[in-house]
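Here are a few exercises to work through with the model open in your viewer. Try each task before you read its solution.

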Amino acid sequence: MALKIDVSKAFDTLNWSFLIKVLKGFGFSGIFCRWIESILSSTMVSISINGSQQGYFTCKRGVRQGDHLSPLLFCLAEEALSRGISKLVEDGEVDLISSSRGTQVPSHCFYADDLMVFCKGKVSNLEALKSLFTRYANCSGQIINASKSFFYACGINQARLAHITNVLGFNVGNLPFTYLGAPIFKGKPKAIHFQPIVDKVKNKLATWKASLLSIAGRVQMIKSVIQSMLLHTMTLYSWLVSLLKDLEKCIRNFIWRGNSSKRKMVSIAWKKLCSDYDEGGLGLKSLIWLNEATNLKGFWDLFNSSE
């Protein structure tokens, strides 16, 4: 099973004393820790009432959102929870999911306050994790929001699912779901898994005021926004060619006509546009070629991985 955990007001509830203890545990000098304490304690908050700022209040916990240092401090503090889960696995209190020969399923995956934990659906595993979450919350102030947390399981009957819900207090999730902008599903990729991303790209093209942009501006928008939106999932999955062709048709219409749903007759082939500037193209990337390249890179990285 997989646990998708939501931390309530993650950045705003971080305990300062816990953070300083973690920094000292990592070997940061006392001078650096005092600098961090000064930065945290100097925070002032005001309230906007009818558009005007009223009053200033000091803070007792949390890190400033928008500060470049805050994500680093938050991740260092969260490392305590990460190592706690690893310790449970080492001590045999949490069993990992069985995998094929030569591979190992990770115990958890953290990205800032987006937490995923993977383990077998034994009650003893879940009770050990719940105890760890409780101890971590008491020390760090990072309280798990059970109403927004989910667990995903397969091969478990309804009675056992109800028992797990009572143990964890989490909601029962259904596949597919989205984690870090990528769809998570079981089996081979299907069109239904990527359709939300396709619809998001089409909506983005439809809302842009292409009439105010030159063709060069439209091309730049495609390269900087649309291809970046797709590249993340392309590095993970092999997209269906039919979906990529549909997206390329919308992109062509947007570039030449300014409307992704209306076609315009052109005399330059799409393959020519997807070549480099010195070859007479516009520097665009064919989505089909881009997906093939990312798949080959993923295979190469996996083939040459030592783990």
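**Exercise 1. The turn**

Look at the hairpin of β4 and β5 and find the residue that takes a positive phi.

*Solution.* Keep in mind that this is a predicted model. Start with the connection: two residues sit between the strands of this hairpin. Now check the backbone there, and you'll see that A112 has a positive phi near 55°. Next, step out into the strands, where Y111 stands opposite D114 in β5. Further along, C109 faces M116 of β5. In total, four bridges join β4 to β5 (residues 114-118), and the two run antiparallel.

**Exercise 2. The sheet**

Work out the strand order of the open sheet and name its edge strands.

*Solution.* Walk across the five strands and you get β4-β5-β1-β6-β7, with mixed pairing. The edges are β4 (108-111) and β7 (171-172), each of which pairs on one side only. Then pick up helix α3 (residues 70-90), which packs on the sheet and touches β4 and β5. The direction of α3 makes about 175° with that of β4.

Back in the sheet, go to strand β1 (residues 2-6): five bridges join β1 to β5, again antiparallel. One pair to locate is I5 with its bridge partner L115 in β5.

**Exercise 3. Burial**

Why is β5 described as largely enclosed by the rest of the structure?

*Solution.* Count residues using the cut-off for buried, which is under 20% relative accessible area. Four of the five residues of β5 pass, so the strand is largely enclosed by the rest of the structure.

**Exercise 4. The largest pocket**

Which elements give two or more residues to the lining of the largest pocket?

*Solution.* First, find the pocket, which has a volume of about 910 Å³. Its lining has 28 residues, with A2, M116, F118, I184 and F185 the closest to the centre. Sorting by element gives β5, β8 (177-179) and β9 (182-184) as those with two or more residues in the lining. Sorting by type gives 22 nonpolar, four polar and two charged.

**Exercise 5. The second largest pocket**

Which element gives the most to the lining of the second largest pocket?

*Solution.* This pocket has a volume of about 300 Å³. It is lined by 13 residues, and T178, G181, P183, P196 and I197 lie nearest its centre. The elements that each supply at least two are β8, α6 (191-207) and α7 (215-234). Of these, α6 gives the most, with five residues. By type, the lining splits into seven nonpolar, five polar and one charged.

Methods: Residues are numbered from 1 along each chain as its sequence is written. This is a predicted model: local features need pLDDT of at least 70, side-chain atom pairs count only at pLDDT 80 or more; totals for chains, interfaces and linings use all residues. Side-chain values use heavy atoms; hydrogens and water are left out. Two strands pair if DSSP finds at least two bridges between them. Contact means heavy atoms within 4.5 Å. Axes are lines fitted to C-alpha atoms, for helices over the stretch in contact, and angles run from 0 to 180 degrees between N-to-C directions. On a 1 Å grid over the protein atoms alone, a cavity is a set of points where a 1.4 Å probe fits but cannot get out, and a pocket is an open set with protein on both sides within 12 Å along at least five of seven lines; lining residues have an atom within 4 Å of a point. Grid points are joined across faces, edges and corners, and a volume is the space filled by probe spheres set on the points. Ala, Val, Leu, Ile, Met, Phe, Trp, Tyr, Cys and Pro count as nonpolar, Asp, Glu, Lys and Arg as charged, and the others, Gly among them, as polar. Buried means under 20% relative accessible area, exposed over 50%, partly exposed in between (1.4 Å probe, protein chains only).
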